[in-house]
Amino acid sequence: MSPDDERNDGLFFGGSGETRTRLPEGEGAGDDGYGGVRRSSRSGGRTSSRSLVTVVGVVVLLIAAIAFANRGGDDSSAEGGDGKKPEAASTAPSGEKPVGGKDGGIAAGFPKTEQGAQSAAANFAVPLGSAEMFDKNKRNAILNTVMAPSSVAKFQAELDRAYTAPFFKNVGLNEDGSTPKGYQFVSRTTPIGTKVTDFSDGKASVEVWCSGLLGLAGEKSTKPVTNSWFTITMKLEWINGDWKAVTHSQKDGPAPVPGDDRASNSDEIAKAVEGYGGFTYAR
């Protein structure tokens with residue numbers, strides 16, 4: 001990004017509000033104020049005015065397009081019948097509007113379509129990679145919500161064997177899975193994209209590309225929060241009017257080249273985890 005590009009960001013992101021026009025070489029130079037060789041005391045003014053009007057028009061159109069996109073295609077008015085503003089809609093990057101239902105805080109009520117299966121897999125990946133999975137009672141509640149009834153007992157047994165004292169210690173927790181005093185445990189999964197690899201009536205196989213955070217935020221933490229990239233594969237079945245996960249597996253990558261971002265200190269990470277909530281994901 002050039003310095004001029006940075007200045008123009010103010011048009012969209014609440015910057016200084018100034019509009020700077022970069023003139024071609026030769027214009028704007030000279031003592032007469034008309035740019036030396038290229039002189040036009042009348043048409044130049046009109047051209048500048050037309051350019052400004054064009055820029056303002058483009059900005060207005062962009063703002064209108066953003067506002068329309070944020071409405072999610074809803075034809076309802078900006079305010080409800082009781083005069084209250086509607087709640088912010090869940091994000092929908094592409095495809096159908098996301099579901100409005102919740103089951104135990106997890107999105108539910110997905111359509112029986114490929115897009116519905118992708119939305120379900122993305123939303124299931126989030127709790128399955130959350131800090132709540134390190135608490136047996138919360139883990140069982142998550143499994144009962146996202147997994148097919150026939151798969152719950154199997155996954156509970158497998159995860160009970162996996163979440164052991166040595167495993168907890170490896171991620172910086174106490175042997176019982178609790179967080180040491182003065183620290184904040186972080187485990188978050190963020191879906192980046194989804195792909196259907198198989199789909200038939202009532203069954204689907206979906207891959208979810210994810211980024212994850214895991215570690216212990218604290219001044220003297222020996223297990224700092226780190227970032228990872230992985231792909232989750234879920235096989236889903238349509239059960240009692242909704243998608244449920246039958247199997248769940250994970251592999252590393254694809255991972256991008258790390259950037260040059262400065263690593264935040266533990267206090268910044270802890271405040272970010274406390275202050276930024278999650279999303280409902282949709283295809």
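## Met234 and its surroundings

Leaving aside the neighbours that lie within four places in sequence, Met234 is in contact with Ala121, Phe124, Ala125, Leu128, Ala204, Ser205, Val206, Ala245, Thr247 and His248. The model in which these contacts are found is a predicted one, and Met234 is a useful place from which to begin reading it.

Met234 belongs to the largest nonpolar core, a set of 34 residues, and is named there together with Phe124, Leu128 and Leu236 as one of the residues with the most contacts inside that core. Two or more residues of this core come from each of strand S2 (106–108), H4, helix H5 (136–146), helix H6 (149–162), S4, S5 and S6. Among these elements, H4 gives the largest share, which amounts to six residues.

From the core we can turn to the sheet. Four strands form an open sheet in the order S3-S4-S5-S6, and their pairing is antiparallel. Strand S3 (184–200) and strand S6 (242–252) are the edge strands, each of them pairing on one side only, and from one strand to the next the twist averages 25 degrees. In general, the strands of a sheet pair through backbone hydrogen bonds, and they may do so in a parallel or an antiparallel manner. Within this sheet, strand S4 (residues 203–217) and strand S5 (residues 226–239) run antiparallel and are joined by twelve bridges; looking at a single position, Val208 has Ile232 in S5 as its bridge partner.

Where does helix H4 lie with respect to the strands? Helix H4, which covers residues 114–128, lies across S3, S4, S5 and S6, and runs at about 160 degrees to S3. The contacts of Met234 include Ala121, Phe124, Ala125 and Leu128, and the reader can look for these residues along H4, whose range is 114–128.

The charged side chains add another layer to the picture. Side chains of opposite charge can pair when their charged atoms come close, and a search of the whole structure finds seven salt bridges.

One of these salt bridges is formed by Asp201 and Lys112, whose closest N and O atoms are 3.3 Å apart. This pair links distant parts of the chain, since Asp201 sits in the loop between S3 and S4 while Lys112 sits in the loop between S2 and H4, 89 residues apart. Asp201 counts as exposed because its relative accessibility is 69%, whereas Lys112, with a relative accessible area of 40%, is partly exposed.

Another salt bridge joins Asp160 to Lys136, with the closest N and O atoms 2.8 Å apart. Because Asp160 lies in helix H6 and Lys136 in helix H5, the pair ties together parts that are 24 residues apart in sequence. Asp160 is partly exposed at a relative accessible area of 28%, and Lys136 likewise counts as partly exposed, at 42% relative accessibility. The pair does not stand alone, for Lys136, Arg139 and Asp160 are linked in a network of salt bridges.

A further salt bridge is found within the sheet, where Lys195 pairs with Glu207 and the closest N and O atoms are 3.7 Å apart. Lys195 lies in strand S3 and Glu207 in strand S4, so this pair ties together parts that are twelve residues apart in sequence. Lys195 counts as partly exposed at 47% relative accessibility, and Glu207 is partly exposed as well, with a relative accessible area of 21%.

Technical notes
Residues are numbered from 1 along each chain as its sequence is written. This is a predicted model: local features need pLDDT of at least 70, side-chain atom pairs count only at pLDDT 80 or more; totals for chains, interfaces and linings use all residues. Side-chain values use heavy atoms; hydrogens and water are left out. Two strands pair if DSSP finds at least two bridges between them. Axes are lines fitted to C-alpha atoms, for helices over the stretch in contact, and angles run from 0 to 180 degrees between N-to-C directions. Contact means heavy atoms within 4.5 Å. A nonpolar core is a set of buried Ala, Val, Leu, Ile, Met, Phe, Trp, Tyr and Cys residues joined through side-chain atoms within 4.5 Å. Buried means under 20% relative accessible area, exposed over 50%, partly exposed in between (1.4 Å probe, protein chains only). A salt bridge is a side-chain nitrogen of Lys or Arg within 4 Å of a carboxyl oxygen of Asp or Glu.
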